[in-house]
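Colleague: I would like a close look at a single part of this model. Please take the place where the two chains meet, and then work outwards from there.

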Protein chains: 2
Amino acid sequence: MLRLYDHLFSGNGYKVRLLLHQLGIPCERIGLDIEKGETRTPDFLALNPNGRIPLLVLADGSTLAESNAIQCYLAEGTPLLPDERLARARVLQWMFFEQYSHEPYVAVVRHWVHTGEAERRPEEVTTRRARGHDALRVMERHLGANDWFAADRYTVADIALYAYTHVADEGGFDLAPYPRVRNWLGRVRAQPGHIPITRG
Amino acid sequence: MLRLYDHLFSGNGYKVRLLLHQLGIPCERIGLDIEKGETRTPDFLALNPNGRIPLLVLADGSTLAESNAIQCYLAEGTPLLPDERLARARVLQWMFFEQYSHEPYVAVVRHWVHTGEAERRPEEVTTRRARGHDALRVMERHLGANDWFAADRYTVADIALYAYTHVADEGGFDLAPYPRVRNWLGRVRAQPGHIPITRG
C-alpha cells in the first residue's frame, strides 16, 4: 500500500490526492500540519530532508518528493501522461511553469492570507500578486488556442495548474479577466472521478 | 536543425548548451540579452509568451520552454534520462527541487549581484542566501549516501543542479561547508564532453 504524507490545505498535496482518486489507486493518507511544524520534525526530515509535503512512500519504503514528480510517477503508462516525446516534454514544460512562475505567487499569497502573514507584508503581497497575474495571463493566452495545456487532452499538467488556480480567489486573485481560464477550470472539474481540495 | 534562444550568463541556458554538447546534437544558438529586454519583445513573446530563455525551436517550428523540460526532451532515450519508472521520477524530483528550492535563491542572488540589484535590496539578499544554504544543505546530505542525484549515475538531474551550484560563489555563497557538493561538482566537470558556462 502506498502512503502519502499530506496537508489538506495544500494544493501540492491535492494534486496527488486528486490523481490517486482518478486513477483508483488506494493509498494511506497521513495528514501533517505545516503551521504546527509537523513537516520539520526529525522523523519527517529523515523521510524528506527538504521538509515538505506531499511525500509518497512506496510499498518497499522508497520515498518520492515533489508533487509534480510524484504525479509523473503515478501517471506513467496512463493517458494522463503521454508517451510521445514532445507531448510528454510539454506536460513537463507546464509543470515547471507551474512550480516556477505560478505557485510562488498564486499559492504563496493564498497561504499568507490564510495565516495572516499577508497583513504583515503588504508590499510583497502586491509584488507577488502582480507576478501571479502574469502567470494567469500566460495561461489565458495558451487557452485561446487550446482546450488543455498539453497533448490536446486532460493530463497531469492540467492537474498541476488546476490545484492552485481554482483557489486563487482565496489569495485575492480575481479571475474575472480570465474567461478561458474559468472555462478550463470547469472542464477540469467535469473530469470523471474529480474530487474537491477539501476531501482527504 | 534545432534552434536555441539563449543567454550566455544564464545557468538555465547553460543546462541545455551543456547537454546538447554532451549528446553531440548540432544546434543554432541565438543569444538574447535579458538585461536589454530582448526576451520581452513582441517577436520573442510570440515564441514564448512567458518571455524566458532558454527556448528550443524544433525543425518543424514547434517550441519548447523551461530548461528542465527541454533537457528531458533532448535526453529521452539516452543514459542521461533513465527509463525505469522510479529512477525517472527521481530525476524529476531533483529537477523540481532545483527550480523551486534552489534556483530562486542561488541563481537569483547571483543575478542580483551581477546587475547591482543586490545592493538595493540587502534584506532580501540575506533572506534568499539563507534559503539557498538550505538547498545546499539538502544536497550535501543527499551526497553523503550517493555519488549522483538519481539512478546512481550522471543524469540531467545533475546537470540541472550543477548549472547554478558551480557558480554559486558569484552570488556570495561560500561552498566551503559543503565538501560533498564540491566533490560532486568535480565529478560532473570530469564527464566526457563537459564545457564551461562561458562557452556559447
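How many residues of chain B are in contact with chain A, and with how many residues there?

Modeller: A caution to begin with: this is a predicted model. Now the count. On the chain B side, 26 residues are in contact, and they meet 26 residues of chain A. Four elements of chain B each supply at least two residues to that side. They are strand E4 (63-65), helix H3 (67-75), helix H4 (85-115) and helix H6 (122-142). H4(B) gives the most, with 12 residues. By class, the side of chain B that touches chain A has 14 nonpolar, seven polar and five charged residues.

Next, the symmetry. A turn of 180 degrees, with a shift of 0.0 Å along the axis, lays chain B on chain A. The RMSD of that fit is 0.0 Å. The two copies are therefore related as by a two-fold rotation axis. In chain B, the C-alpha nearest the axis belongs to B:Tyr100, at 3.1 Å. Both copies use the same surface: 100% of the contact residues of chain B recur in chain A.

H4 also has a partner within its own chain. Take chain A. The axes of helix H4 (residues 85-115) and helix H7 (residues 156-165) of chain A come within 9 Å. They cross at roughly 10 degrees. Angles under 35 degrees count as roughly parallel, so H4(A) is roughly parallel to H7(A). From H4(A), the contact draws on A:Val91, A:Trp94, A:Met95, A:Glu98, A:His102, A:Glu103, A:Val106, A:Ala107 and A:Arg110. From H7(A) come A:Val156, A:Ala157, A:Ala160, A:Leu161, A:Tyr164 and A:Thr165. By class, this helix contact has 10 nonpolar, two polar and three charged residues.

The loop that leads into H7 is worth a stop, in chain B this time. B:Ala150 sits in the loop between H6 and H7 of chain B. With 24 other C-beta atoms within 10 Å, B:Ala150 is buried, because the cut-off for that is 20 or more. Its C-alpha lies 8.9 Å from that of B:Ala89, although the two are 61 residues apart along the chain. Leaving aside neighbours within four places in sequence, B:Ala150 is in contact with B:Ala87, B:Arg90, B:Val91, B:Trp94, B:Thr155 and B:Ala157.

B:Asp152 lies in that loop too, between H6 and helix H7 (156-165) of chain B. Here the surroundings are sparser by count: 11 other C-beta atoms within 10 Å, so B:Asp152 is exposed. Phi of B:Asp152 is near 55 degrees, a positive value in a residue other than glycine. Chain A has its counterpart to report. A:Asp152 has a positive phi of about 55 degrees, and is not a glycine. A:Asp152 is placed in the loop between helix H6 (122-142) and H7 of chain A. A:Asp152 is exposed, with 11 other C-beta atoms within 10 Å. As background, most residues other than glycine have a negative phi, and most peptide bonds are trans.

That brings up the peptide bonds. In chain A, a cis bond joins A:Ile53 and A:Pro54, with omega about 0 degrees. A:Pro54 is in the loop between helix H2 (42-47) and strand E3 (55-57) of chain A. In chain B, a cis bond joins B:Ile53 and B:Pro54, again with omega about 0 degrees. B:Pro54 is in the loop between helix H2 (42-47) and strand E3 (55-57) of chain B.

Last, the domains of chain A. The assignment gives domain 1 (2-75) and domain 2 (85-189). Their C-alpha centres lie 21 Å apart. The contact between them takes 12 residues from domain 1 and 11 residues from domain 2. On the domain 1 side, helix H1 (11-23) and helix H3 (67-75) of chain A are the elements that give two or more residues. H1(A) gives the most to that side, with six residues. By class, the domain 1 side has six nonpolar, four polar and two charged residues.

Technical notes:
Residues numbered from 1 in each chain as written. Chains lettered and ligands numbered in written order. Predicted model: local features only at pLDDT ≥ 70, side-chain atom pairs only at ≥ 80, totals over all residues. Least-squares fit on C-alpha atoms with pLDDT ≥ 70 in both. Contact = placed C-beta atoms within 7 Å. Nonpolar A, V, L, I, M, F, W, Y, C, P; charged D, E, K, R; others polar. Domains from an automatic or database assignment. Axes fitted to C-alpha atoms, helices over the stretch in contact; angles between N-to-C directions. Parallel < 35°, antiparallel > 145°, perpendicular 65-115°, else oblique. Buried ≥ 20, exposed ≤ 12 C-beta atoms within 10 Å, placed from the backbone.
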